[in-house]
Amino acid sequence: MKTEILIPEAKRKKKSSRDRPHYRQQLSCPICHFTRLIDSGQNTRSETYVVGETGYLNADYYAKCPNSKCKADIGIRKIE
Ligand SMILES: [Zn+2]
């Protein structure tokens with residue numbers, strides 16, 4: 001059976017994780033600069049705050065850094 005050869009190219013492309021979606025931008029951790037703390041919309045402007053920093057308590061979202069060596073709580077504020 002050699003039907004597998006007929007698998008269209010599009011299916012292979014799906015597996016590639018190098019193609020980042022253009023409609024997103026990635027926020028990085030301000031402490032360890034881990035590049036993917038969270039994804040935001042392309043037109044969303046955000047600022048990140050670390051604990052104790054001015055603005056942290058007024059953040060809109062809080063995320064925990066996925067970097068196991070960091071795990072910092074990051075406040076994220078949507079500016080526009
Ligand atoms: Zn981090």
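**Loop between β1 and β2**

I began with histidine 33 and placed it in the loop between β1 (24-27) and β2 (38-41); what I am reading is a predicted model. I looked up the backbone torsion and found phi of histidine 33 near 60°, a positive value in a residue other than glycine. I then asked whether histidine 33 is buried or exposed. The count gave 11 other C-beta atoms within 10 Å, so I entered histidine 33 as exposed, given that a residue with 12 or fewer such neighbours is classed that way.

**Loop between β4 and β5**

I turned to lysine 71, which is found in the loop between β4 and β5. Here, too, I noted a positive phi in a residue other than glycine, with a value near 50°. For lysine 71 I found 12 other C-beta atoms within 10 Å, and I therefore recorded this residue as exposed, the limit for that class being 12 or fewer.

**Loop between β3 and β4**

I went on to asparagine 58, which lies in the loop between β3 and β4. I counted 9 C-beta neighbours inside 10 Å for asparagine 58, which means that this residue is exposed as well. I also checked a distance from asparagine 58 to arginine 77: the two residues are 19 apart along the chain, and their C-alpha atoms are separated by 7.6 Å.

**The sheet**

In what order do the three strands of the open sheet run? I read the order as β3-β5-β4, with antiparallel pairing. I noted that β3 (46-50) and β4 (61-64) stand at the edges, and because each has a single partner strand, one side of each is left without a neighbour in the sheet. Neighbouring strands of this sheet are turned against each other by 30° on average, with direction ignored.

I followed the pairing of β4 with β5 (residues 73-78) in detail, and found that these strands pair in the antiparallel sense over four bridges. Taking one residue, I looked for the bridge partner of tyrosine 62 in β5 and found glycine 75.

**The whole chain**

Last, I stepped back to the protein as a whole, whose secondary structure I entered as one helix and five strands. Read along the sequence, these elements follow the pattern α-β-β-β-β-β. What share of the 80 residues is buried? I recorded 8%. For contacts between residues at least 6 apart in sequence, I noted that 44% join residues at least 24 apart.

Key: Residues are numbered from 1 along each chain as its sequence is written. This is a predicted model: local features need pLDDT of at least 70, side-chain atom pairs count only at pLDDT 80 or more; totals for chains, interfaces and linings use all residues. Two strands pair if DSSP finds at least two bridges between them. Helices (H or I, at least four residues) and strands (E, at least two) are DSSP runs, numbered from the N terminus. Axes are lines fitted to C-alpha atoms, for helices over the stretch in contact, and angles run from 0 to 180 degrees between N-to-C directions. A residue is buried if 20 or more other C-beta atoms lie within 10 Å of its own, exposed if 12 or fewer, and partly exposed in between; C-beta atoms are placed from the backbone. Two residues are in contact if their C-beta atoms, placed from the backbone, lie within 7 Å.
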